[in-house]
Amino acid sequence: MESVITQALPEIDPCICEYVVGMLSDVHTTEEFCSSDDLFDTVGPFLMSGCPDVKEGKISKLCESLFSMISVATSTPTGEILSAPVNMSEMKLATDNDLSSSIWKASKGENTTIVDQQKLQKAEQKSKEKAEKKAQKEAKKEAAPKAFNNDSGTVQQAINKKDAHLSCKSDIHLNNFDLMFGERKLLTDTSITINYGFRYGLVGRNGLGKSTLMNAIANKELAIPPAVSLLHVAQEVEGSDTTAIDSVLECHTELMVLRSKEKSLNALLQQNENNDTAARELADVFNKLQIIEADKAESQAACILSGLGFTTKMQKMTTKEFSGGWRMRLALARALFTQPDLLLLDEPTNMLDIKAIIWLEGYLQSWPTTLLVISHDFNFLDAVANMIFHLHSEKIDTYKGDFQTFLKSKTERLKNQQSEYEAQKAERAHIQAFIDRFRVNANRAALVQSKIKMLERMPKLRPVEPEKEIVFKFPDVDNKLAPPILRLEEVTFHYEKDAPMFKKIDISADMESRICLVGENGAGKSTILKLLIGDLQPIDGYRFSHRHLRVGYFSQHFVDQLTMDDSPLSFMASKFPGNDAQLCRQMLGRFGISGEIAMRPISTLSGGQKSRVAFAVLCAHVPNFIIMDEPTNHLDMETIEALGKAIKGYKGGIVMVSHDERLISQVCTQLWLCRNHKVTVVEGGIKEYRKLMEQELRN
């Protein structure tokens, strides 16, 4: 056995080899091996630790060979070879004393034997326990389900013990798992593979379970190899006295440990310059710092923060001075700096302006490890992802290529699926017609039976189920209001006197307006919207609005306006007490909130579904002018498409802040740029603005 191991693994440590041979020579140990997989689970980790450069497949084959040797050894009967024939009839019957340790005993006065019942029961009990133990082991070896329950969902998966031994650069295999949210089944018997080094986009409609799946992966409720490090950008950085750049640097644990050690060793050498031990240790620390390129850490962290919109001054601010949105950006910067084996991003563009999104696109295109991102930004996903997971119908399909390639492949796949279904349907009808025609014909009985079996063996194909069309319907309004409709004239505004926001701006909108405000975060886009709707008053200048103007405002913090314990229907009824339930259902139905979704607690809805509830409440007031702050946050692509159609068909005026370039190019006729305390019109629209931002990033 030792020769087999050393021949397969010549570089193995002799101590480990001797230990493994000793384990396999123990009869009690080998009795527990029911298959080569059991043997691999026991000795595989030792062999892999002794030969770290050897692939798992080679060790698995070695375990199969060892298992075969053990099986042959244990199945070969052993016994003493007799030197001469023995006449059994002449043998003396054993005495009672001779049989005291056997389950058999001789009856008095007879030459027959009877069974010792007490010892027989003990033997049977031992045999039964051994059989039960073997059955339990077989059950564990077969798909033993692993279940987790938390507030975000329920996961059940068949686990493979071999995954525990995979390295950080291994592919991640998530096999045969179910995902539920409450009593709703989101995924059924699903298997996906996340290949190392690829950038995956996870797409699908709102409410199908994308974020729930990502949370399950982040919490390692699915079988993720222990060696794989992962980061999920889900929570903002906690406010403290740590500066922004130090907050990013402290994520590099090895760097922080080495610098701390360097500081303490320098202190020792200052006390005693002849401390040779400290000098050697310090030289070793310097060598390690050079290997991890510690001298570049600050510049790399500063580059990431700058790309995400942090100015040099902001990088030196403490984290407690930032708002929640900026702390989320800081969490993203820390994750990008850390470079985990698997980075999980859920709607990263929601917190970013267009310039920061363009920078993030370029940064992630050269991401060195594995990336899984949920995004409903068409351009961002098309630029970043080179693999697509499409979640639909309680399953996940995998597509190679960017997002546009996915759309083409998906269309082709659905077309082929429908063609195969129709061809099989026609074939089934033809065979069934033959069976019905000759069922009572004795001469054709054998042929009929073969046709029946042929039908039974056919796989049951399903037709393509068209996805339900998303509906967005803004109210019908009268747009005959004479201009001016909404105007800011010579307006100056600031939150603090020494930090002016706008100086003498002149802007106006009418019932035909389709205006989008762009600019870097902090430039005052949301402030402009609040000045337009009257929530903020100018320090100087004046605001004018038509006396028949009814403004509807969609805030990017719309979640704060919803009651999480209410259902959409009860929330709508509380906002409009005079309306009956049927009318409330109709108002919600205009934005795709219908059926059982309207009866669920709002807290259980996806971000996109909550957004639709907020739109339904806004439009129930029948505004003739709508102002929206980041309306596409949390909406899936189909819903964003529906929102664009609703804006085009709306008869009132529209002013919005958005970073979704596709929506802006589809519906907006005017682009306002907030910069340097002014609001100016960008000639050439969103394409020209993107070119301007790309040029600034290059410079």
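Strand β9, covering residues 342-346, is largely enclosed by the rest of this predicted model, because four of its five residues are buried. There is a neighbouring strand to describe on each of two pairings. Strand β8 (residues 230-233) runs parallel to β9, and the two are joined over four bridges; in this pairing V233 stands opposite L345 of β9. Strand β10 (residues 370-374) also pairs with β9 in the parallel sense, this time over five bridges, and here L343 stands opposite L371 of β10. To get from β9 to β10, the chain passes through helix α14 (residues 354-364), and the resulting β-α-β crossover is right-handed.

Turning to the aromatic residues, a search of the whole structure turns up 19 aromatic pairs. One of them brings together F472 and F591 in an edge-to-face arrangement, with 4.9 Å from centre to centre and 80 degrees between the planes. This pair ties together distant parts of the chain: F472 belongs to the loop between α17 (445-457) and β13 (486-496), while F591 belongs to the loop between α20 (581-589) and α21 (607-620), 119 residues apart. What about the burial of the two rings? F472 has a relative accessible area of 9%, so it is buried, and F591 counts as buried too, because its relative accessibility is 1%.

The loop between α17 and β13 also supplies F474, whose partner Y650 lies 176 residues apart from it, in the loop between α22 (637-649) and β19 (653-657). F474 and Y650 meet edge-to-face, at 5.6 Å centre to centre and with 80 degrees between the planes. Both F474 and Y650 are buried. The two pairs turn out to belong together: F472, F474, F591 and Y650 are among the members of one aromatic cluster, which also takes in F554, F558 and F615.

Aromatic rings also meet charged groups elsewhere in the model. The charged end of R329 sits over the ring of W326, 4.5 Å from the ring centre. Likewise, R662 places its charged end over the ring of F378, with 4.2 Å to the centre.

On the cysteine side, how many disulfides does the structure hold? The count is zero. C516 shows how this plays out: the closest cysteine sulfur to its own is that of C668, and because the two are 4.6 Å apart, they are too far for a bond. C516 is also buried, since its relative accessibility is 0%. Another cysteine, C619, has a relative accessible area of 4% and is therefore buried as well.

Finally, I654 gives a close-up of strand β19, where this residue is found. With a relative accessible area of 2%, I654 is buried. Which residues does I654 touch, leaving aside those up to four places away in sequence? The contacts are S513, R514, I515, F625, I626, M628 and I647. For one of these, I626, the C-alpha atom is 5.2 Å from that of I654 in space, although the two residues are 28 apart in sequence.

How values were computed. Residues numbered from 1 in each chain as written. Predicted model: local features only at pLDDT ≥ 70, side-chain atom pairs only at ≥ 80, totals over all residues. Heavy atoms only, no water. Buried < 20%, exposed > 50% of the residue type's maximum accessible area, 1.4 Å probe, protein only. Pairing = 2+ DSSP bridges. Right-handed = clockwise from strand over helix to strand, strands pointing away. Phe/Tyr/Trp six-rings, centres within 6.5 Å; stacked < 30°, edge-to-face > 60°. Lys NZ or Arg CZ within 6 Å of the ring centre and 35° of its normal. Disulfide = S-S within 2.5 Å. Contact = heavy atoms within 4.5 Å.
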